[in-house]
Amino acid sequence: MTNPTIPGVLPREVHPEIIPIYDSDTSDEETENTIGNVPLEWYDDFPHIGYDINGKKIMRPAKGDELDKFLAKMEDPDDWKTVEDEKSGKKIVLSKEELEMIRKIQGGDYADGYDPYEPYVDWYTSDVMVTPLSAAPEPKSRFIPSKWEGRRIMKIVRAIRKGWIVPGKKKEEKPRFYALWDNDDEAEERPNHIPAPKLPLPENDMSYNPPAEYLPTEEEIEEWKKLDPEDRPKNYLPKKYSSLRAVPAYDRFIEERFERCLDLYLCPRVRKNKFQIDPESLIPKLPDPKDLQPFPTSLAITYKGHNGRVRSISVDPTGQWLASGSEDKTLRIWEVVTGRCLRIWKMEESITNVSWNPNKMFSLIAVVAGDTVKLINPLVASNEVQHNTDEFLKPQSEIEKSKHAEWINPSTSEAKNGIRQVIKFEKNVTYITWHRRGDYFATVSPDAANSAVLVHQITKRQTQNPFKKSKGLVQRIQFHPSKPFLFVATQNFVRIYNLVKQELIKKLQTGVKWISSMDIHPGGDNLIIGSYDKRLCWFDLDLSVKPYKTLRYHKFAIRNVCYHKKYPLFASCSDDGNINIFHGMVYNDMLQNPLIVPVKIIKAHEITENLGVLNCEFHPIQPWIFTCGADGNIKLFS
């Protein structure tokens, strides 16, 4: 183009005017606040928020309260796209490009506009060449079947025929981890390898240069040599050497290696599965004691009068009178309801046992004092009962002599005092028990050897020895409530004899160290025993010869156990001064086990000279219990 004014000259190009203001991109410049990576929380207590490039403080911008912020937000139309710079404290309004970049990032797109799905440019051709690179013929080996592949195929074919490989069946992958404590069928497939236990680490005294306190003295060395190899605490003696080079060869190396091999070979290593059991399911669900009433709970009457330990008590069949025997050599008759002492008898020796005749037609007490048993009419019953008792014990002129016991008619003064018969024994008598009809009673004399158990008949004044040989130190005997059976308790066993057939029926294995007492359930199919080793054992005679239940609720020796004649109750008394009351229900159903529930612990007597409650007995009609102790008192709990 030629200049219109001057022919042949190009026109002058006009450039824009240069503005002397630096308006370049500041995205790469440093920020105004130059504190770097220092947290802004450090400046919360200062009026400034940092420093600029010249080292001057950048003051914190003024901020109003929440109301000012709200008003400014409502008046500013660009508030929705305004952000605050943390380091400078200034508000920055985002541009359209920045808003678009934020939108793309939120949508999962590329922020800089990169398109990953733009059309592909095929720089090289994808057509296959028709003419090969080489015109050499194929080798012959490519057309001959491979012998190695044939052998491999035949091996697979044989495995399929023998069933080792099942076509179409997926191979199960073995788990990498096993639940060791699960009780399922997969336990058999677990690896049974159990690593051998590791050897213990060496101790300080095994060092070649141990401290002086680890070195034994001459006396300790001599004592160590005198001990047997099995009793030695360690199989070596610590020694001290000047250097490691001076340590000799270990003389027990081969022996220890041999013992280690024996341990690995002979020591059984068994993996025991852990049972996943709920602890609450192991606790039996027992009924509430309030639902099992009535049973004795509180003290009603205290009978005071004895000056020594009260060894034995007994209640008459009507439940109106109570007899007690003490070490003060007195026998006392008490009225149960009022606690009044009616009569007192003085004996030659300490009274160890008293027992009331269970027949309501008679009023008769058997009293054991040393080697003498006295049958006494207490003269407290009705005239008719007293007359029946005197006729039942009418003195006889001729009495058959027995080599085991001597029946003696009482003197005139003794007869006036109510004594109706006296029986002398060779050894001291410790226990007496009545037959349910009241004509027979049995005595126990542990020191009498073969004549330890004797059965006596009152009407004929006869004494029989049912056993030719004693099979232990007899502690207690008891008649069966309804059958002709005799229970004999020695120190560790209870034997049941049939008196008609004269044979042993059953031998109960108690598992206790020393039996102290025994009682039979009124039904006759259950038995309880107490022992000096603090155990109470319940036996179900139809179930097993071993205890059905073993109860350990006392802290000291059990002195006596007893059943109630009518209520489902039984009790035990001990030297700890307590009485334990239990609910013991026996069902008529042979398939249902007895229900035993502890219902009450009664603090009955004070412990005197390591002795507590010496005897206990239930009331024959009411749910009451009588106790006597070493403190000389008799108590009634109702």
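**Entry 1: burial**

I began with the term itself: a residue counts as buried when its relative accessible area is under 20%, as exposed when that area is over 50%, and as partly exposed in between. I also noted that the model is predicted.

**Entry 2: salt bridges**

I searched the whole structure for salt bridges and found 14. I then looked up individual pairs.

The pair Glu 609 and Arg 309 forms a salt bridge whose closest N and O atoms are 2.2 Å apart. This pair links distant parts of the chain, 300 residues apart. Glu 609 is in the loop between β30 (595-603) and β31 (613-618), and Arg 309 is in the loop between β5 (299-303) and β6 (310-315). I asked whether Arg 309 counts as buried or exposed. Its relative accessibility is 19%, so Arg 309 counts as buried. Glu 609, with a relative accessible area of 61%, is exposed.

Next I looked at Arg 340 and Glu 335, whose side chains meet in a salt bridge at 3.0 Å, N to O. Arg 340 has a relative accessible area of 47% and is partly exposed, whereas Glu 335 has 16% and is buried.

The side chains of Asp 390 and Arg 420 also meet in a salt bridge, at 2.8 Å from N to O. Asp 390 lies in helix α7 (residues 383-392) and Arg 420 in strand β14 (residues 419-425), so this pair ties together parts that are 30 residues apart in sequence. Asp 390 counts as partly exposed, because its relative accessibility is 29%. Arg 420 has a relative accessible area of 13% and is therefore buried.

I also recorded a network: salt bridges that share partners join Arg 309, Arg 311, Glu 327 and Glu 609.

**Entry 3: aromatic rings**

A search of the whole structure gave me eleven aromatic pairs. One of them is the tilted pair of Phe 467 and Tyr 497, with 4.6 Å from centre to centre and 55 degrees between the planes. Phe 467 lies in the loop between β18 (462-464) and β19 (476-479), while Tyr 497 lies in strand β21 (residues 493-498), so the pair ties together parts that are 30 residues apart in sequence. Both Phe 467 and Tyr 497 are buried.

I then turned to Tyr 563 and Phe 570. Their ring centres are 5.9 Å apart and their planes stand at 55 degrees, so this pair is tilted. Tyr 563 and Phe 570 are both buried. Ring pairs link these two residues with Trp 538, Tyr 553 and Phe 582 into a cluster.

I looked up charges over rings as well. Arg 232 lies over the face of Trp 224, at 4.1 Å from the ring centre. Lys 549 lies over the face of Tyr 548, at 5.6 Å from the ring centre.

**Entry 4: nonpolar residues**

Which residues form a nonpolar patch on the surface with about 430 Å² of accessible area together? I found Leu 67, Phe 70, Leu 71 and Met 74. Of these I checked Leu 71, which is found in helix α1 (residues 66-75) and is partly exposed at 40% relative accessible area.

For Ile 515, found in strand β23 (residues 515-520), the relative accessibility is 0%, so Ile 515 counts as buried. Ile 515 and Ser 531 are 16 residues apart in sequence, and their C-alpha atoms are 4.3 Å apart in space.

**Entry 5: an annotated span**

From the unreviewed UniProt entry I took the feature "repeat: WD" at residues 303-344. I noted that this span is 0% helix and 55% strand, and that its end C-alpha atoms lie 14 Å apart.

Key:
Residues are numbered from 1 along each chain as its sequence is written. This is a predicted model: local features need pLDDT of at least 70, side-chain atom pairs count only at pLDDT 80 or more; totals for chains, interfaces and linings use all residues. Side-chain values use heavy atoms; hydrogens and water are left out. Rings of Phe, Tyr and Trp (its six-membered ring) pair if their centres lie within 6.5 Å; planes under 30 degrees apart count as stacked, over 60 as edge-to-face and the rest as tilted. Helices (H or I, at least four residues) and strands (E, at least two) are DSSP runs, numbered from the N terminus. Buried means under 20% relative accessible area, exposed over 50%, partly exposed in between (1.4 Å probe, protein chains only). A charge sits over a ring if NZ of Lys or CZ of Arg is within 6 Å of the ring centre and within 35 degrees of the ring normal. UniProt positions are given in the numbering used here, feature names are shortened, and annotations may be inferred rather than shown by experiment. Patches are made of residues with over 30% relative accessible area and no salt bridge: like charges are joined within 9 Å, nonpolar side chains (Val, Leu, Ile, Met, Phe, Trp, Tyr) within 5 Å. Accessible areas come from the Shrake-Rupley method with a 1.4 Å probe; for residues, only the protein chains shown count as cover. A salt bridge is a side-chain nitrogen of Lys or Arg within 4 Å of a carboxyl oxygen of Asp or Glu.
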